[in-house]
Structure formats: structure tokens, C-alpha cells
Amino acid sequence: MTLKQYDYETIAPFYDVLELNGKNEYEKINDFLDILFKKMNVSSVLDVTCGTGAQVIGLAKRGYTVVASDLSESMLTVARKKAAGLPITFHKADIKNVQLGSFDAVISIFNAIAHFSKVEFGEILDNLGKNLKSGGLYVFDIFNFAFFKEGGFIGHEFIDRSIEHEGTKYVRFNNNTLDKEKGVMAVHQKSYIQKGLDKALELREDWDMQLYVAAELRILLEEHGFRVLDTFGGPGVPFDEEKSLSVWIVAEKV
């Protein structure tokens, strides 16, 4: 099954405001990673879906050796600008075949694996293992299918973002559908970006997300050479099978 993809090239200039609305959420993620990595003696990290750099910049500032990759050149352009002066190496590369060395940890945050079918994710896990030292960690998150299936899914159009940033208004609508058999959510999103009273820029995106329950992830990881060490419902938050919006996995290469 081929999933419809998100156009990061178009959204890149607005991504940080629309997706990283406010600093608190991604700083919580970086704090969580820092605590985890210190506990597990991690010093080198590869981010295979670095986007505009939310994690790699935070980790580099905390003293980790960081290498970053992403498939979108436009997202990398934003990340490089934000990371100016920091010792981060950026590469344009595909998570499916990226080969950048041997690291203590690999990360892919913000539902990155949702862009791939289950078969593709298995292939990705095989490839990520090649970028990890023995006993290295893979940390990732994905929306929790059980949450949506058990009543958490919103079946009508709703506003999920409405903010003003540096004199520009950002409003985003979602109107999604969920295939409860395949665990695929079709996302239909439109955003309006308006500076002052100028004519608003309208952006429309339609893409698919492959969702998982925690048990599926555990089995898939074990089939591809990983052992799950811990499962969270958010950065450092206990996981609840039906109430957690997301599944956060810490897995070890075996």
C-alpha cells in the first residue's frame, strides 16, 4: 500500500509556527531525550527526520555529537539557518537508505514513521540498525491507533491551530477520515496565513498517516532486530493504551 505524502517543500517556511507552535512542547521532548540519553550513556545521535531542527539544535546545545538528515531540502534550509554556529552536520537523505555512520542513538520524532506503510517501516528498521552501534537506541513517536479507534478520532472539521506570531495570523483546519481496518488516517488540512489585513495565503495539504497500536510496534521492532526497553504516552509520560494520544518507543538494537 502506498501512502499519499505531505508536501514539506511548500510548508517549510511556515512549519515552525504551524507545527512547533510555542517553544514548550519541543523543549519538553529535548529534556526527555537528554535525561534518557544521559541514563543510557549516549553521546552521538543521528536524527533521520530532522525537519527544521527542533531536536538536533537542542541536543547539540546540550553537548551531544549530532548528525542530521532529512529528505526535504526546504526543511533543511530552515534548519541550517537556525543552527548557524552549532556543530551539526546536515545531509539530504532518505530514511529508507541513509547511511551516515555508527551512532549511540537514532531518533525520528513528530510522527515521522506515519508517512510509511508497515512494510516500508520494516525496511526502514533494517536500515536504521545499520546506523546504530550494538545496543544503540532508536527513539520515535507515532499517533496511537487505539486512542483514535476507541473514540478519540474527530470526524468533523475542526480548527487545530489559531495563533498570531510577529504580526501574522495563522489558522489551520483539519477534516480527516479514519480507516479502522487498515489503521490509516487520511488528513485533509487547510491553513490560512495572513499578515496584517493583507490577502490571506491559503495552503492545502492532503496526506495519509499509518497508525499503530503499541503491541504492533513491539512485534515489528522485534522482527527487525530491536528490543523495546520502554513505552511512553508522551515525553516522559506514562503510557495508557486507550487514553494516550501517542506512543513513544525506546528500543534497543540487539
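This tour of a predicted model goes through helices H4, H6 and H8.

**Stop 1: helix H4.** Select residues 54-61, which form helix H4. Seven of the eight residues here are buried, so H4 is largely enclosed by the rest of the structure. The buried ones to highlight are Ala-54, Gln-55, Val-56, Ile-57, Gly-58, Leu-59 and Ala-60. Then step to Gly-63, just after H4, where phi is positive, at about 100 degrees.

**Stop 2: helix H6.** Select residues 118-130 for H6. Place a distance between its end C-alpha atoms: they are 19 Å apart. At 1.5 Å a residue, the 13 residues of H6 should span 18 Å, which agrees. Next, colour the buried residues of H6: Phe-121, Gly-122, Ile-124, Leu-125, Asn-127, Leu-128 and Gly-129. To see what these buried residues pack against, show H8 along with strands E4 (103-108), E5 (132-143), E11 (226-234) and E13 (246-253).

**Stop 3: H6 against H8.** Keep H6 and add residues 214-223, helix H8. Two packed helices are described by the angle between their axes and the distance between the axes. For H6 and H8 the angle is about 45 degrees and the axes lie 10 Å apart. An angle that is neither under 35 degrees nor in the range 65 to 115 nor over 145 counts as oblique, and H6 and H8 are therefore oblique to each other. Their crossing is right-handed.

Now show side chains at the contact. H6 contributes Lys-118, Phe-121, Gly-122 and Leu-125, while H8 contributes Glu-216, Leu-217, Leu-220 and Leu-221. Sorted by class, this contact holds five nonpolar residues, one polar residue and two charged residues.

Note on methods
Residues are numbered from 1 along each chain as its sequence is written. This is a predicted model: local features need pLDDT of at least 70, side-chain atom pairs count only at pLDDT 80 or more; totals for chains, interfaces and linings use all residues. Side-chain values use heavy atoms; hydrogens and water are left out. Axes are lines fitted to C-alpha atoms, for helices over the stretch in contact, and angles run from 0 to 180 degrees between N-to-C directions. Helices (H or I, at least four residues) and strands (E, at least two) are DSSP runs, numbered from the N terminus. A crossing is left-handed if the near helix is turned anticlockwise from the far one by less than a right angle, and right-handed if clockwise. Contact means heavy atoms within 4.5 Å. Ala, Val, Leu, Ile, Met, Phe, Trp, Tyr, Cys and Pro count as nonpolar, Asp, Glu, Lys and Arg as charged, and the others, Gly among them, as polar. The expected span of a helix is 1.5 Å times one less than its number of residues. Buried means under 20% relative accessible area, exposed over 50%, partly exposed in between (1.4 Å probe, protein chains only).
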